[in-house]
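Trainee: I have a new structure open and would like to learn how to read it. Can we go through it by question and answer?

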Amino acid sequence: MSVTVDIRVFGTGDDAFVEEAWELKERIRRTEGVLKQRRGFFTDAYKRSRVYALVDPGYDSEELLGFAATRRDGYILFLAVDPEYRRKGFGRRLVAAVAEDHNSVTCHARASNDAALDFYERLGFEIQRRVDNYYEDHGDAYYLRLGEGGLASKISKFVRGG
């Protein structure tokens, strides 16, 4: 990994890194049993989203380390960080970038995905409600919202690494 990791933002209709995002998502699905979307659903949603891509520019080629795909209302459809780059603040940076562009940030997380729930809780997300049978495989989810009280302070905390 190079010293510089960039966040690049791609608007709706742009399919930059869609194949790399699919491969990253599939690696995570195979090892962790989460992010179980069908390819057609994933690529369609990705292309209709604003995508925040975490990119290592490298010398010979760019490498996608993570991404957040969001709807125009700040709902995070997909958030993924390469497992080798977790616990280094990259997920936090992605959420902070989304929060800078939206008044409200929301998402769903699989009710059985303790790692994701812990991550979101540390960032200040609050569970709004449980949704039974939310996922195609009938898995349950929690609907989460980034706490409204002090969103600007939360963003500065993300960026500082707090």
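Trainee: How many helices and strands does the chain have?
Mentor: Keep in mind that this is a predicted model. From the N terminus, the elements run β-α-α-β-β-β-α-β-α-β-β-α. Sort them by type, and the chain comes to 5 helices and 7 strands.

Trainee: In what order do the strands lie in the sheet?
Mentor: The sheet is open, with 7 strands and mixed pairing. Its edge strands are E1 (6–10) and E6 (125–131), and each of these pairs on one side only. From strand to strand, the twist averages 30°. The order is E1-E2-E3-E4-E5-E7-E6.

Trainee: Over how many bridges do E1 and E2 pair?
Mentor: Strand E2 covers residues 50–56. Isoleucine 7 has leucine 54 of E2 as its bridge partner. Arginine 8 stands opposite alanine 53 in E2. The two strands pair in the antiparallel sense, over 5 bridges.

Trainee: Is valine 9 buried, exposed or partly exposed?
Mentor: Valine 9 is in strand E1. It touches Arg50, Val51 and Tyr52, leaving aside residues up to four places away in sequence. Its relative accessible area is 39%. Buried needs under 20% and exposed needs over 50%, so valine 9 is partly exposed.

Trainee: What distance separates the C-alpha atoms of valine 9 and alanine 97?
Mentor: Along the chain, these two are 88 residues apart. In space, their C-alpha atoms are separated by 9.1 Å.
Trainee: What share of the contacts with a separation of 6 or more comes from residues 24 or more positions apart?
Mentor: Take the contacts in the chain with a separation of 6 or more. Then pick out those between residues 24 or more positions apart. Their share is 61%.

Trainee: Why is E2 called largely enclosed?
Mentor: E2 is joined to E3 by 7 bridges, and these two strands run antiparallel. Valine 51 stands opposite alanine 69 in E3. Now look at burial: E2 is largely enclosed by the rest of the structure because, of its 7 residues, the number buried is 6.

Trainee: Which residue takes a positive phi in the hairpin of E2 and E3?
Mentor: The hairpin has 6 residues between its strands. The phi in question is near 55°. The residue is glycine 58.

Trainee: What angle does the direction of helix H2 make with that of E4?
Mentor: Helix H2 (residues 39–47) packs on the sheet. It touches E2, strand E3 (63–70) and strand E4 (75–81). Its direction and that of E4 make an angle of about 110°.

Trainee: How many aromatic pairs does a search of the whole structure find?
Mentor: Some ring pairs link up into a cluster. Its members are Trp22, Phe41, Phe42, Tyr46, Phe67 and Phe78. Over the whole structure, the search finds 11 aromatic pairs.

Trainee: What kind of pair do phenylalanine 42 and phenylalanine 67 form?
Mentor: Phenylalanine 42 is in helix H2 and phenylalanine 67 in strand E3, 25 residues apart, so to place them you look at distant parts of the chain. Phenylalanine 42 is buried at 0% relative accessibility, and phenylalanine 67 is buried at 1%. Their ring centres are 6.1 Å apart and their planes lie at 80°. Planes over 60 degrees apart count as edge-to-face, so the pair is edge-to-face.Trainee: Is tyrosine 135 buried or exposed?
Mentor: Tyrosine 135 pairs edge-to-face with tyrosine 134, with ring centres 4.8 Å apart and planes at 90°. Tyrosine 134 is partly exposed, at 35% relative accessibility. Tyrosine 135 has a relative accessible area of 18%. The cut-off for buried is under 20%, so tyrosine 135 is buried.

Trainee: Which residue has its charged end over the ring of tyrosine 135?
Mentor: Two such arrangements are worth finding. Arginine 129 has its charged end over the ring of tyrosine 143, 4.4 Å from the centre. For tyrosine 135, the charged end sits 4.2 Å from the ring centre, and it belongs to arginine 110.

Trainee: What percentage of the residues in the chain is buried?
Mentor: The accessible surface of the chain comes to about 8,900 Å². Carbon and sulfur atoms hold 44% of that surface. The chain has 162 residues, and the buried ones make up 48%.

Note on methods. Residues numbered from 1 in each chain as written. Predicted model: local features only at pLDDT ≥ 70, side-chain atom pairs only at ≥ 80, totals over all residues. Heavy atoms only, no water. Pairing = 2+ DSSP bridges. Helix = DSSP H or I, 4+ residues; strand = E, 2+ residues; numbered from the N terminus. Axes fitted to C-alpha atoms, helices over the stretch in contact; angles between N-to-C directions. Contact = heavy atoms within 4.5 Å. Phe/Tyr/Trp six-rings, centres within 6.5 Å; stacked < 30°, edge-to-face > 60°. Buried < 20%, exposed > 50% of the residue type's maximum accessible area, 1.4 Å probe, protein only. Lys NZ or Arg CZ within 6 Å of the ring centre and 35° of its normal. Areas by Shrake-Rupley, 256 points an atom, 1.4 Å probe, with all protein chains shown as cover.
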